Amino acid sequence: MDYFIELFFSGLTRGSIYALIALGYTMVYGIIGLINFAHGEIYMIGAFTALIVSTVLTIYGFPLLAVIVLTALAAVIWAASYGYTIERLAYRPLRSAPRLSPLISAIGMSIFLQNYVLLAQTSDFQPFPALIPEFDFMEPYAHIVGSSDLAILVVSAIVMILLTFMIKFTRTGKAMRATAQDRKMAMLVGINVDNVISITFITGSALAAIGGLLIASHIGQINFYIGFIAGIKAFTAAVLGGIGSIPGAVLGSFILGLTEAFATGYVSSDYEDVFAFSLLVLILIFKPAGLLGKATVEKV
Amino acid sequence: MLSFKDFRNGLMVTLWFVFLTFPLLVIKINPIEKSVVWRWHNMLYVACGTFVFYVLSRLYLARKKEQQQKIKTGIVEDKVAWSAKLFSEPKFYIPIAVAGCLFALAFPTLFSTYQVNIMITALMYVVLGLGLNIVVGVAGLLDLGYVAFYAVGAYAYALLNMHFGLGFWTVLPIGGLLGALFGILLGFPVLRLRGDYLAIVTLGFGEIIRLILENWGEFSQGPSGISNIARPGLFGIDLSLEMSINFMYYLTILMVIFTIFVVNRLQDSRIGRAWFALREDEIACQAMGIDKMKTKLTAFALGATWAGMAGVMFAAKTTFVNPASFTFLESAIILCIVVLGGMGSIPGVIVGALVLILLPEYLRAFSDYRMLVFGAILVIMMIFRPQGIISTVRRTYSLKD
């Protein structure tokens with residue numbers, strides 16, 4: 001039973017990280033209908049920035065709390081800047097191009113960023129300092145669920161609640177929803193669509209950076225390639241939940257996280273990634289609109 | 001030309017990029033020894049590079065706009081690009097093709113075995129590029145797991161040769177068929193969906209194939225791969241190593257010619273026209289009575305057939321296969337060949353493959369930057385020249401008066 005609960009929590013932790021990345025995919029897709037292949041790389045850049053900043057700050061003798069806060073801030077700021085720049089450089093000029101063009105551009109951006117980090121930093125796995133401390137009150141349960149699992153769950157829950165609040169109740173959120181529904185109509189009622197798209201990219205990237213920071217601190221090592229697999233998996237989660245739907249992305253992520261945790265725990269860990277991909281293919285065959293997504297008919 | 005405002009914007013962009021690349025390019029940490037190296041010179045490079053690139057792209061866009069203005073107002077006639085003209089008029093392309101063929105035939109006698117080996121690799125990428133061109137360029141389906149079919153072909157030859165001693169010539173069609181079979185199996189569920197899904201599912205499929213080859217040791221001998229695969233035979237004559245490499249070279253040339261022939265014929269066929277139409281407008285295409293599913297599936301399966309055959313040739317050339325040869329990057333390189341050369345253009349893909357494979361071989365000093373450049377090429381081509389270096393010419397009828 002303990003093993004089951006352990007797997008369950010590990011699934012939840014994975015799920016919440018996937019959710020943080022999948023939200024970015026689903027928001028961007030909802031607004032401009034593009035799979036942002038470079039999103040996984042944003043997550044990786046967030047993790048790398050966190051690693052660099054935290055190491056530098058630790059060397060210069062900052063206290064732990066300051067290191068955590070500044071690292072998180074730096075990761076979010078830089079990842080968001082990268083997200084914004086990618087949209088401006090690689091996607092905006094192609095907004096009225098045929099469908100294939102922005103997709104190819106996105107793939108190119110993803111390959112470029114991976115190799116940029118590889119060349120600028122290193123190809124080896126880098127150890128990542130455990131930024132999340134061990135909580136004393138978690139001691140009795142430490143064999144089932146670790147402190148960092150708990151921290152990840154709590155932080156992602158807070159972030160997701162904030163995001164929901166932003167989308168539901170703020171002016172920006174309203175503008176985002178309007179743009180997602182009908183871009184031309186949104187333009188007509190006076191929404192600056194370019195700004196809304198930029199904000200979407202910035203928000204999505206910030207979420208991915210938080211995910212990157214949390215998972216890097218949890219697993220304890222990163223390299224330039226982590227964004228690729230995480231990106232595909234988060235995309236799977238977004239499709240599972242229904243791409244374009246925000247609650248769908250969260251639901252899909254938890255389902256994917258739990259499936260992976262149980263499958264690796266009870267079946268085999270060699271095929272960890274195969275489970276996710278097979279799940280993706282299966283959903284696309286049987287329910288292409290996803291669990292919470294709406295089936296859309298293309299209008300002429 | 002460029003105004004003061006352009007320069008001010010250029011400075012702003014430069015500052016932004018200096019900020020953006022600051023942590024990753026300037027700071028280099030060693031988390032084990034807890035030491036930091038500050039690489040300020042990188043900041044200078046980024047600043048200069050960004051500024052120059054910004055000014056150049058401004059100039060290019062300004063010129064392009066001016067040109068379009070002139071064409072619109074009728075000052076200058078819209079002239080066909082020289083590259084397109086070169087390959088659309090028989091009086092230009094026939095001499096080029098003949099010269100190319102003669103050079104290709106004489107290549108092994110002119111250059112060393114090492115050069116011949118590199119050329120074989122490049123020609124194999126020509127075949128792969130032409131195969132992917134059917135899928136991406138002609139039919140407009142973004143396939144990011146193309147290398148999976150390549151792996152299927154390579155492993156088909158490796159395994160059939162190891163277990164049953166089957167020769168190259170027997171397995172070549174089998175590899176092609178297996179590729180097609182896998183293409184249909186994967187394409188059937190996915191092709192009903194929107195194009196973007198296809199991209200990610202094929203990406204996932206490519207990874208699944210690689211992971212299975214890596215982990216299923218009893219079947220594929222895992223990461224260590226299969227070695228001692230037989231080279232292609234020539235009527236049972238024993239060939240020296242150099243001779244067999246030359247033989248392989250001519251085989252690849254034959255394969256390239258065969259591929260060009262088939263792809264060229266396909267493009268003008270009924271199904272080829274259907275592919276072009278499908279790429280341009282799916283809905284209109286269906287309204288004209290084209291079976292969307294069948295047409296897409298044919299494109300996908302045919303592309304996979306070529307990957308399968310190229311895989312068999314790859315295994316025969318290197319006499320060794322392992323899963324590391326079939327990563328996503330390989331698919332990315334092939335996609336880059338098609339995009340750089342010009343989607344849908346046969347001469348474009350050939351030039352693209354030769355440039356992208358041969359240049360890094362001869363510019364070894366920059367080989368670390370290869371993938372970085374490939375990624376950048378994909379983005380830059382899409383923005384500045386989506387039709388590729390040699391664009392396709394749509395066949396048009398001109399009426400004589």
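Is Y3(A) buried, partly exposed or exposed, and what is its relative accessible area? In this predicted model, in which local features need pLDDT of at least 70, side-chain atom pairs count only at pLDDT 80 or more, and totals for chains, interfaces and linings use all residues, side-chain values use heavy atoms, with hydrogens and water left out. Residues are numbered from 1 along each chain as its sequence is written, and chains are lettered from A and ligands numbered from 1 in the order in which they are written.

**View 1. An aromatic pair between helices α1 and α10 of chain A**. A search of the whole structure finds 30 aromatic pairs over all chains, where rings of Phe, Tyr and Trp (its six-membered ring) pair if their centres lie within 6.5 Å, and planes under 30 degrees apart count as stacked, over 60 as edge-to-face and the rest as tilted. The pair of Y3(A) and Y266(A) is edge-to-face, because the ring centres are 5.6 Å apart and the planes stand at 90°. Since Y3(A) lies in helix α1 (residues 2–32) and Y266(A) in helix α10 (residues 246–266), the pair ties together parts of chain A that are 263 residues apart in sequence; helices (H or I, at least four residues) and strands (E, at least two) are DSSP runs, numbered from the N terminus. Y3(A) is partly exposed, with a relative accessible area of 40%, and Y266(A) is also partly exposed, at 48% (buried means under 20%, exposed over 50%, partly exposed in between, with a 1.4 Å probe and protein chains only).

**View 2. An aromatic pair of F314(B) and F326(B)**. With ring centres 5.9 Å apart and planes at 75°, the pair is edge-to-face. F314(B) lies in helix α14 (residues 292–318) of chain B, whereas F326(B) lies in the loop between β4 (320–321) and α15 (328–341), so the pair ties together parts that are twelve residues apart in sequence. F314(B) is buried, with a relative accessible area of 15%, and F326(B) is buried at 2%.

**View 3. A cluster of rings from chains A and B**. Ring pairs link W78(A) and Y84(A) with W16(B), F19(B), F22(B), W38(B) and W40(B) into a cluster.

**View 4. The two domains of chain B**. The domain assignment (automatic or from a database) gives domain 1 (4–73) and domain 2 (83–384), and their centres, taken over C-alpha atoms, are separated by 35 Å.
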